[in-house]
Amino acid sequence: MQWEVVIGLEIHTQLATQSKIFSGSATTFGSEPNTQASLIDLGMPGVLPVLNEEAVRMACMFGLAIDAQIGPHNVFARKNYFYPDLPKGYQISQMELPIVGKGHLDIALEDGTVKRIGITRAHLEEDAGKSLHEDFSGASGIDLNRAGTPLLEIVSEPEMRSAKEAVAYVKAIHALVRYLGICDGNMAEGSLRCDCNVSIRPKGQVEFGTRCEIKNVNSFRFIEKAINTEVQRQIELIEDGGRVIQETRLYDPNKDETRSMRSKEEANDYRYFPDPDLLPVVIEPAFLDAIRATLPELPPQKRERFQSQFGLSAYDANVLASSREQADYFEQVVGVCGDAKLAANWVMVELGSLLNKLGLEIDQAPVSAAQLGGMLQRILDNTISGKIAKVVFEKMAAGEGDADRIIEAEGLKQVTDSGAIEKVLDDVLAANAEQVEQYRAADEAKRGKMFGFFVGQAMKASKGKANPQQVNQLLKSKLEG
């Protein structure tokens, strides 16, 4: 039987406010346990929550960016459950009247197509604390520093049909919230984490199958692996005569398996009711207009501009616009060298490889955009060849200065004097007289391979400094002559 995968995602995005959503406590990551938890965060009797306006503004920014309906009248509710890291015994969230309603996000797929994913809603809520377990003693502790940190939970429609589509969607959300500046997107620190709702159904069937939720997956790679693992589990379970039970599961990356955590709760299990300590939030048109005026150029618009303005392919534009920092870096390089396609190639390939090797983000790059642009200028004016440029780039990355200083200090200027190149070629041909005769006696197909031998010998003799285009032109003339 052929199976179709149905995936919906809930992404918890930690908003980049300086203080928590209902208290003045700081939200700094990595502080000593329980040093950033106020009486409000601890749920002490008699304390009252006060809504952080900046969290509301950031939620509205996101809603406008996904072309969503912004709830003019939204309400906070109490979501009741008991867990050690939830001191109040309830979480303040939104249920029936969320701040962001239906919207959508276009995602770029690997085959170059674009798919629109519906977003059901995005609502504000407070984060819970964190349970800490000590292996050596068996004791557990609670760190409430994270309790009350503002979250925007983004709920998609179940419209993704593969793990790769799901990853593309999460990457698009990740890029969007970073473009907007409302979340740092640091998945390792829990700033953005994902719950994956996964089900399968026979291909062609309209009704959804029973879904399982994989909780708190915090990397793109693990999202793909967790979904594929859960899909395979469900297929094997059904084909062996069993049935899928709706439940919450956890993904274990070490064993590459999902395991049961608890039965899946429904909304009525949480006994939602409006929080009596918080008034409804009214969003006025003027407030939204002011936010709309501050929105930056977003990834879809940037991708389109990179294609129309710079003549880049859809693939290149998508890669370069995948983060605001990378897009800005690329445009700065183009501003210096003036050649967008050359800049795109170096930013994506050479710089990308270097950053991957060093484990750095582009805003930590050891080669600045001005330095890279300056080096590309020297390729364009024939001061250096592309091959020499790689040597210069390595030296810039090692902190030896900009391209001009390195080229001068190392004597790396490209040889463009025709007379000097002809002298090198004459020496190469004289030293390989037998190969010259074989070349001239060969047919066109064999000549192509043999020509590369002479080019290699010429570049070796010039220590890589001869202009490759001139070497090719002059060499062909001499061999044909």
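Strands β12 and β13 make a hairpin, with four residues between them. In the turn sits aspartate 256, whose phi is positive, at about 50°. This is a predicted model, so every value here is computed from it.

The two arms of the hairpin run antiparallel and are joined by six bridges, with β12 covering residues 247-252. Two of the facing pairs can be picked out by name: arginine 249 stands opposite serine 260 of β13, and glutamate 247 stands opposite serine 263 of that strand.

**The wider sheet**

The hairpin belongs to an open sheet of eight strands, in the order β5-β6-β9-β1-β10-β11-β12-β13, with mixed pairing. Which strands stand at the edges? They are β5 (103-108) and β13 (257-263); each has a single partner strand, so one side of each is left without a neighbour in the sheet. From one strand to the next, the twist averages 30°. As background, strands of a sheet pair through backbone hydrogen bonds, either parallel or antiparallel.

A helix also meets this sheet. Helix α1 (residues 53-65) lies across β6 (114-126) and β9 (150-156), and runs at about 170° to β6.

**A three-stranded sheet**

Another open sheet has three strands in the order β4-β3-β14, and its pairing is antiparallel. Here β4 (90-93) and β14 (273-274) are the edge strands, each pairing on one side only. Strand β3 (residues 77-80) pairs with β14 over two bridges. Alanine 77 has proline 274 in β14 as its bridge partner.

**Domains**

The protein is divided into three stretches, listed below.

| Domain | Residues |
|---|---|
| domain 1 | 3-286 |
| domain 2 | 297-410 |
| domain 3 | 418-480 |

Taken over C-alpha atoms, the centres of domain 1 and domain 3 are separated by 64 Å.

**An enclosed space**

Rolling a probe the size of a water molecule over the atoms shows where empty space is left. How many cavities of 30 Å³ or more turn up here? The count comes to one. The largest cavity holds about 50 Å³ of space. Its lining includes Asp41, Asp85, Leu86, Pro87, Lys88 and Tyr90, and further along the chain Glu126, Asp127, Ala128, Gly129 and Ala147. How do these lining residues divide by character? Five are nonpolar, one is polar and five are charged.

Methods: Residues numbered from 1 in each chain as written. Predicted model: local features only at pLDDT ≥ 70, side-chain atom pairs only at ≥ 80, totals over all residues. Heavy atoms only, no water. 1 Å grid on protein atoms, 1.4 Å probe; cavity = no way out; pocket = protein on both sides within 12 Å on 5 of 7 lines; lining within 4 Å. Points joined across faces, edges and corners; volume = space filled by probe spheres on them. Nonpolar A, V, L, I, M, F, W, Y, C, P; charged D, E, K, R; others polar. Domains from an automatic or database assignment. Pairing = 2+ DSSP bridges. Axes fitted to C-alpha atoms, helices over the stretch in contact; angles between N-to-C directions. Contact = heavy atoms within 4.5 Å.
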